[in-house]
Amino acid sequence: MTRRRTPSVLAIAMIAISALSACGSGGGSSGTGKTLHVLVSANTIYPEQQRAWFTDVSARFKRETGATLTFETFATPNDELTKIQTSVLSGQGPDVYSLGTTFTPTAYATGAFLVLGRADWDTIGGRDKFLPATLGISGPDRDHEVGVPFTTRPFVMAYNKDLLAAAGIDKPADSWDGLLAQAKRVTTGGTYGLAVGYGDSFDPWKFVWAMSLQAGNPLVDKGRARLDDATTMKAYQTYLGWIATDHVVDPAAVGWKNAQALAAFGAGKAAFVPMVSATSKVSLDKSAVAGRYGYTIMPTIPPGATALPAGGVGAASILSGDNLVVARYTRNKDLALALIKMLTSQDLQENYYRTFGEMPTNAQAAASLRGDPALAAMVESASRSVATPFTGAWSQIQLALVNVVVQSVPSVSTGRVDSAALRSLLGQAQSSAQAALDKAK
Amino acid sequence: MQRQRPLWMLVPGGVLAALLIVVPLAVAVQISLLDLDQYSFRQWLGAPFVGVRNYHEALTRSPLAHSILVSTGYAATVTVVTLPLGVAAALATHNRFAGRAVVRSAFLIPFVLPSFVVGTLWRIILQPAGVANRVLDPLGVPTGLWLNGPRSFWALVIVQAWAAWPLVYLLTLAGLQTLDRDLHEAAALDGAGWWAKLRYVIFPCLRGPVSLAMLISFLHDINNFALPFVLFGVPSPHDVEVLPVLTYIESFQNFRFGLSAAMAVLSVALIAVPIAVYLRAVKLDVGEEARTT
Amino acid sequence: MTDVLPGRRARRDPEVTQLLPRPLRTLVIAVLLAVVGAPMLYMVLASVNSDLAVARGAVLPTGLHLDNYVRIWSTVSLDRGLVNSVAVAGTVAVVCALVAVCSAYVLVLHGFRGRLAILRGLLALQTIPGTLVLLPVFVLFASASTALGIQVIGTRWALFVTYLTFSLPFSTWVMVTYLRGLPRELDEAARIDGASSWRILTRIITPLSWPGLVVSAIFAFLLGWNDVLFASVLTNPDTRTAAVALQVFGATQEGGAIPVYGQLMAAALVCALPVVVVYLVFQRYLVSGLAAGGVK
């Protein structure tokens with residue numbers, strides 16, 4: 001019996017080795033033709049359509065260039081960040097990345113991505129090919145651009161037509177104070193004026209940024225952080241007050257992600273859901289409020305005001321969407337540019353909108369959609385979107401802004417907005433934002 | 001007879017440990033001495049050398065001290081909570097009864113579930129309008145916020161204890177099986193009641209396996225990244241800002257790789273102290289030094 | 001396990017080893033089963049509930065949404081993740097147990113200078129947090145591929161080597177305690193017969209150590225199956241593990257998606273199933289494997 005033991009151990013080891021090698025060969029350029037690797041965000045709303053799109057685009061790219069295209073997906077912005085960091089460190093990884101707009105400044109700061117020269121822009125079809133507004137966050141200035149706009153996802157607000165009509169409201173307000181007044185009128189019993197995800201890791205700062213900017217504070221001003229400004233304080237008080245003291249938001253929303261806020265709206269339990277993009281249309285058209293809701297831009301008049309104050313910017317949304325960037329370590333720059341040219345062409349952009357509901361950055365494609373009434377709010381929001389400050393420290397500032405909300409949630413859930421505590425949290429956020437800006441190069 | 005010592009058999013394990021643990025640790029220490037951030041990591045070896053400045057910053061101007069307090073406090077609480085659960089479970093399933101195999105297996109399930117799954121499950125259970133509050137409300141338990149605020153610490157303790165107690169159970173059960181039957185018979189002859197038997201005969205014999213179980217579970221708790229990360233997300237609520245999440249945020253969200261490495265090195269050093277004390281106290285060797293000649 | 005004389009077993013009075021009075025025992029078991037079972041039951045219920053009902057915190061399903069179990073396969077490529085996880089974690093389990101028994105054999109049956117340091121190191125190594133070595137390990141793999149001209153990152157090998165290394169300390173330590181329980185005479189008798197160390201290990205020690213090997217293998221398997229931290233940076237879509245695939249469900253995308261909590265629970269159950277099965281199958285060995293050497 002013991003005689004057979006060694007061979008069996010060896011056999012196990014052999015099986016183990018073959019199991020590992022089976023299809024473990026990842027990446028590497030194949031012998032025939034070149035391979036281009038692309039990293040994009042996983043689409044959890046349209047997973048199958050995304051796979052089909054990958055196949056179509058790869059086939060077309062093969063026809064046009066002869067090269068093979070492989071797509072990788074990342075699940076969360078954190079995943080993407082880690083992937084970028086590790087790829088940059090090792091000098092190997094995807095050739096082309098699709099980056100969220102607010103992450104583009106951080107990516108630029110790493111120096112890991114190709115700065116596009118005039119010739120490069122010409123190769124992909126020229127800057128004029130794009131909606132001018134979408135180029136706002138491609139680089140710190142025109143000579144140092146790394147990002148090519150791929151899709152634009154301006155934020156808007158969805159409203160429930162029935163609930164508004166029942167409360168005698170003819171159209172959504174254009175100021176935050178007006179919105180609050182309307183929300184109060186709608187709130188009855190189990191129905192709330194607003195649906196907001198206070199437990200979301202990404203959304204809260206966008207409100208604070210928009211309200212601050214509308215009041216004239218861009219948060220970062222010539223290398224100085226301005227998070228301890230009175231306008232920012234007012235923004236936090238307004239945002240947190242909705243749920244804590246105004247009671248126009250479901251108390252459970254202290255733990256909601258953005259998706260849950262949308263779900264509550266979809267169930268007809270809230271009159272407004274701010275900070276949603278065109279992709280929400282798919283979900284809402286399958287929900288209880290299908291056909292009974294509309295989109296409009298979010299208020300552009302800051303809290304406490306009835307008109308845009310002097311120095312205020314009437315931003316309807318952050319400049320949101322995806323940029324395509326080319327890794328500096330790529331050995332397939334020409335192919336990468338050819339792909340970007342293809343992905344930003346009119347027909348592909350129109351097709352992309354029809355499949356995924358994401359708005360084109362290609363000017364001609366955008367023009368052809370302008371007539372669609374369902375998109376009027378998105379188009380308007382896109383034209384009034386403002387880019388967030390282009391600094392390598394932005395990710396840290398964003399985190400500091402969200403942290404203020406996270407740490408305020410306990411007191412908010414007991415129905416208070418504690419000004420002293422908020423001031424101290426803002427003080428901390430200010431110093432970490434300033435420290436990050438001081439390190440920025 | 002001079003014994004041949006097949007030390008070469010240690011080579012595979014040794015090489016792996018050296019390559020993937022010792023070398024990375026050295027690299028981590030090196031990184032902790034550099035001002036490595038998003039602007040410099042592309043050529044990380046060229047990042048400016050700043051000596052112990054990261055350590056200074058970690059100790060004076062970062063939430064590190066608070067995190068150490070939270071981490072050790074939570075790990076110690078979990079260890080204390082899981083101890084009676086694990087021991088009780090082991091005592092209850094030691095003797096044969098119909099269905100024992102099923103019960104034993106069921107007890108192990110929380111332990112084998114991936115942290116990611118446990119975190120996701122409990123995040124949904126503990127959300128403000130979630131099942132936990134729905135069940136607790138009619139029972140008269142005050143409902144409220146579990147995933148942020150002062151209660152979040154207890155949420156973390158409860159969830160981690162739920163997932164970790166089977167380890168104590170397993171090691172205690174194994175310890176019980178090594179007890180000699182004579183011990184039981186002697187206790188029976190003395191006419192000891194069940195509690196006296198446990199108190200004076202069984203528990204003293206379990207001291208070894210149980211303290212080991214506590215050590216291992218303490219280490220697992222304190223280094224658990226996935227559970228708090230999934231349960232609370234980032235940025236962490238203040239009361240559950242545990243060490244692994246703090247160092248993760250510092251490097252992968254704030255890009256302060258040097259500072260993050262310094263924090264991690266400090267925390268390892270901190271954990272190493274009680275471990276060293278324990279290792280000195282525990283009898284690790286099998287003795288019989290004479291055989292080594 | 002401890003006594004081998006059949007005569008003694010026959011005389012055994014089952015009551016003498018009784019630890020808890022029957023009512024107390026029943027109570028303890030009932031309470032603990034409820035503690036373990038309630039969240040598990042909820043998970044099963046949620047997995048057949050509609051996504052929105054789970055998001056609302058409904059306990060009982062609004063209907064039997066078994067389609068959750070169908071849709072998960074298309075929402076993320078869970079099938080490929082499961083195959084990868086089985087291949088990587090399974091291989092790690094087997095190889096880890098074999099390497100561990102080699103090391104433990106030397107550490108237990110052969111005295112040498114530094115042995116104590118190694119034994120202590122086995123426990124000390126477990127204090128190192130993954131977040132500390134994540135980046136350095138990555139740097140190392142990256143330089144290895146540059147130096148050797150082979151692809152490391154993104155292959156299953158990278159994961160295999162990483163998990164193997166991090167599971168070795170605990171597995172070796174389990175084997176050390178196990179081998180300690182074996183009668184020393186076995187080794188000595190074989191040695192006098194002139195058997196080589198390798199022969200003793202493979203022909204005598206290993207066949208007698210199955211329970212210990214199983215424990216080592218299971219703990220290694222668990223580590224590989226449950227890791228998210230390393231897998232998320234060391235894999236690409238082809239080599240992605242189930243844990244990483246599952247992460248996609250938890251992803252919060254910018255604006256627009258309705259939470260897929262029902263599917264999330266279904267996917268979590270599917271991912272947990274293999275480990276639970278492995279555990280249930282080897283449960284018998286697990287206790288005896290840890291017990292045999294005396295976890296003292």
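**Exercise 1.** In this predicted model, work out how many residues chain B and chain A each put into their contact, and which classes the chain B side holds.

*Solution.* Start with the head count: chain A brings 29 residues and chain B brings 23. Now sort the chain B side by class: 12 are nonpolar, nine are polar and two are charged.

**Exercise 2.** Do the same for chain B against chain C, and find which element of chain B gives the largest share.

*Solution.* Count first: 88 residues of chain B meet 88 residues of chain C. Next, look for the main contributor on the chain B side: helix 1 (residues 11-31) supplies 11 residues, the largest share. Finally, split that side by class, and you get 60 nonpolar, 18 polar and 10 charged residues.

**Exercise 3.** Find the largest nonpolar core, then see which residues Val92(C) touches.

*Solution.* The core runs to 340 residues. Those with the most contacts inside it are Ala195(A), Val92(C), Cys96(C), Tyr105(C) and Ala268(C). Helix 5 of chain C (residues 78-109) gives this core its largest share, 21 residues. Now zoom in on Val92(C) and skip its neighbours within four places in sequence: its contacts are Phe160(C), Tyr163(C), Leu164(C), Ser167(C), Ala220(C), Phe221(C) and Gly224(C).

**Exercise 4.** Where in chain A does pLDDT drop under 50?

*Solution.* Take the whole chain first: the mean pLDDT of chain A is 88, with 93% of its residues at 70 or more. Then go to residues 1-19 of chain A, where pLDDT stays under 50 and the model has 16 contacts beyond four places in sequence. Residues 21-31 of chain A are also below 50, and that stretch has 22 contacts beyond near neighbours in sequence.

Key: Residues are numbered from 1 along each chain as its sequence is written. Chains are lettered from A and ligands numbered from 1 in the order in which they are written. This is a predicted model: local features need pLDDT of at least 70, side-chain atom pairs count only at pLDDT 80 or more; totals for chains, interfaces and linings use all residues. Two residues are in contact if their C-beta atoms, placed from the backbone, lie within 7 Å. Helices (H or I, at least four residues) and strands (E, at least two) are DSSP runs, numbered from the N terminus. Ala, Val, Leu, Ile, Met, Phe, Trp, Tyr, Cys and Pro count as nonpolar, Asp, Glu, Lys and Arg as charged, and the others, Gly among them, as polar. pLDDT is the predictor's confidence in each residue, from 0 to 100. A nonpolar core is a set of buried Ala, Val, Leu, Ile, Met, Phe, Trp, Tyr and Cys residues joined through C-beta atoms within 7 Å. A residue is buried if 20 or more other C-beta atoms lie within 10 Å of its own, exposed if 12 or fewer, and partly exposed in between; C-beta atoms are placed from the backbone.
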